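Here are my notes on this one, in the order I'd go through them with the viewer open. Have a look first, then read on.

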Amino acid sequence: MYKQFKLVKLYTEALVFGLFVLSFGFSSCAQNKTITNDSFWNTIDGEPIYSQGGGVFQFNNPQSGKPTYYWYGVHYKEAETYRNDPSVTLENNHFQGVTCYSSTDLVNWKFEKHVLTPEAVGYEENPTWLGRMGVAYVPEINQYALLIQHGKNVMIALADSPLGDFIVHRHIDMTDRIGTPNTGDQTVFTDPATGKSYLVYSYGQGRNKIYLSEIGIRDGKVDLLDCVEVFRGASREGNCMFTYNGKYYMAASNIYGWDSSFAYYLVADNIYGPYLPTNEMKIMPGSEADYAHITQTGFFYTIAGSQQETVLYCGDRWAEFAGNGLGYNQWFPISFEGETPHFNSLSAWNLDEQTGNWTVAKTNNYVKNGSFEADRRYIPSNNKPVQEQLLGWSTEILKGNSISTTDPNSPVLNYFNTEADRKQVVGEKSLYISDAIPFERLISQEITATPYVDLPDGNYTLSAKIKNTEGFLKLQLFATSAGSTRTLDFKAATAEWTSISLSNINIQNGSVTIGFEVKAQAGAEAIIDEVALIRE
């Protein structure tokens, strides 16, 4: 559908536990144009990227004067720990600094430095929360302002260059402006139409209101010049903004702690609104099946390409604190039908920043929630969110106890991996297949082409990892397309995680149904993880 452009070779880095993770960028001589999600990203020099809760901004390079992308985010000590050993979910956070990376193509990034250090904020004397930040150029003083949550206030730090070093300028207690000293979540948005920058933030308690404040100078200090409420309704976090085709979009996530959720949005003709639907955020289509590819809304960047305008969704995955898979940064292209944004859940895709064109990479995994990390609780769940089925999957009970959020006899559909499990498979959760009585079950997912993401005809490989007890009369992996079904029987008991795969699946007409067919005795158990469908 989109103009194809030549892909360069993907470089891989071997990580712990036999996991192989694709680098985000590797060589400045042969740069990669593929964005690979569900992985830990590296710089062009092969060093780990640590950037969470930040944003991408375009400023002139201090040396060359050329427009350059600068990506700022927070580096937490736990990000290093989890990357080295993702078998343990961590509880606390320790600020290591605000990192700055530079790029000319939004794919390959070079580490510049820590532009805000623990020493600059007195972190050792006051080890409190720092996060949710962005940078704005303030033309009145020809300086760059970094705005970040610091404890119970909004902190502003200034620098003469986008490369820092940023020095603390002031702290703002937000009580007189919104009624709480802190913001809920926040990002910095720069309007490409005017060059003005704004703090986008929620109410500090409950987060049921969203505000906009222009960043500027008042009484000789960098300040928030106004405070405009643009939303009041259900609690939201991960507040951020983008523009597309002259419209302004406000986006946010649910209040799910470190976990992922639907991506929500509002749209307006003017930056201060009114944003519609009034006080009723819509779920972004495409984000439902896997909670926006297991992310929270982080920030967006609108690429004004020579051939098309493309919006980049930059999701935060707080993996070290949520245990929900690999990678802290998950980026996706957004498509539009009129004013409606559509989230494209892709594990790998190609971006041409100059033209704005993008394509699906051949290494893309077409399965939604194949790692089963999107579901934040045991499913079925009678707690927030009340949910009977695993996201992205349909479980049909042919024989056995019915699925219920209230009946204690209901089968549980997912399994919380042990630390030992997580040394073999990714994340906290897996698919769980069992019942207290003899049972038969069909677990499936229908994968189809969309107007924005094709499912090309051709051969594919379906794979997964599994361990199971005895007692299965039937335990099959299957794929059905164009009336033809391929199956793989793996009912023999295996106490250790085992990889299985079904190759040469011929997909036709942009549609395939994949899944597992089960017939078992009472008490038989199977645990399945890392389901993937990749084109051969």
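Which residue in β29 is the bridge partner of Phe416? Keep that in mind for point 1.

1. Lys429 is the answer: Phe416 has this residue of β29 as its bridge partner. Bear in mind that we're looking at a predicted model. The two strands involved, β28 (residues 414-416) and β29, pair in the antiparallel sense, with 3 bridges between them.

2. Now go to the other neighbour of β29. Strand β36 (residues 526-535) is joined to β29 by 3 bridges, and these two run antiparallel as well. Here Ile433 is the residue to click on, as it stands opposite Ala526 of β36.

3. Why call β29 largely enclosed by the rest of the structure? Of the 5 residues in this strand (residues 429-433), 5 are buried, so the surroundings largely close it in. Buried here means under 20% relative accessible area.

4. Zooming out, β28-β29-β36-β31-β34 is the strand order of an open sheet of 5 strands with antiparallel pairing. The edges are β28 and β34 (494-507); each has a single partner strand, so one side of each lacks a neighbour in the sheet. On average, neighbouring strands in this sheet are turned by 35 degrees against each other, if you ignore direction.

5. Next, the nonpolar packing. The largest nonpolar core has 67 residues, and Trp331 and Val531 have the most contacts inside it. Strand β35 (residues 511-520) supplies the largest share of this core, with 5 residues. There is also a second, separate core: 44 residues, among them Val135, Ala136, Ile156 and Leu199. As background, nonpolar side chains in soluble globular proteins tend to be buried together.

6. Val531 deserves its own look. Leaving out residues up to four places away in sequence, Val531 touches a mixed set that includes Asn365, Val367, Gly370, Phe372 and Trp393. Leu462, Ser463, Ala464, Ile514 and Phe516 are also among the residues Val531 touches.

7. Last, helix α1 (residues 77-84). Glu78, Ala79, Tyr82 and Arg83 are buried in this helix. The four lie on the same side of α1, because they cover an arc of only 135 degrees around the axis.

Note on methods. Residues are numbered from 1 along each chain as its sequence is written. This is a predicted model: local features need pLDDT of at least 70, side-chain atom pairs count only at pLDDT 80 or more; totals for chains, interfaces and linings use all residues. Side-chain values use heavy atoms; hydrogens and water are left out. A nonpolar core is a set of buried Ala, Val, Leu, Ile, Met, Phe, Trp, Tyr and Cys residues joined through side-chain atoms within 4.5 Å. Buried means under 20% relative accessible area, exposed over 50%, partly exposed in between (1.4 Å probe, protein chains only). Contact means heavy atoms within 4.5 Å. Two strands pair if DSSP finds at least two bridges between them. The arc is that of the directions from the helix axis to the C-beta atoms. Axes are lines fitted to C-alpha atoms, for helices over the stretch in contact, and angles run from 0 to 180 degrees between N-to-C directions.
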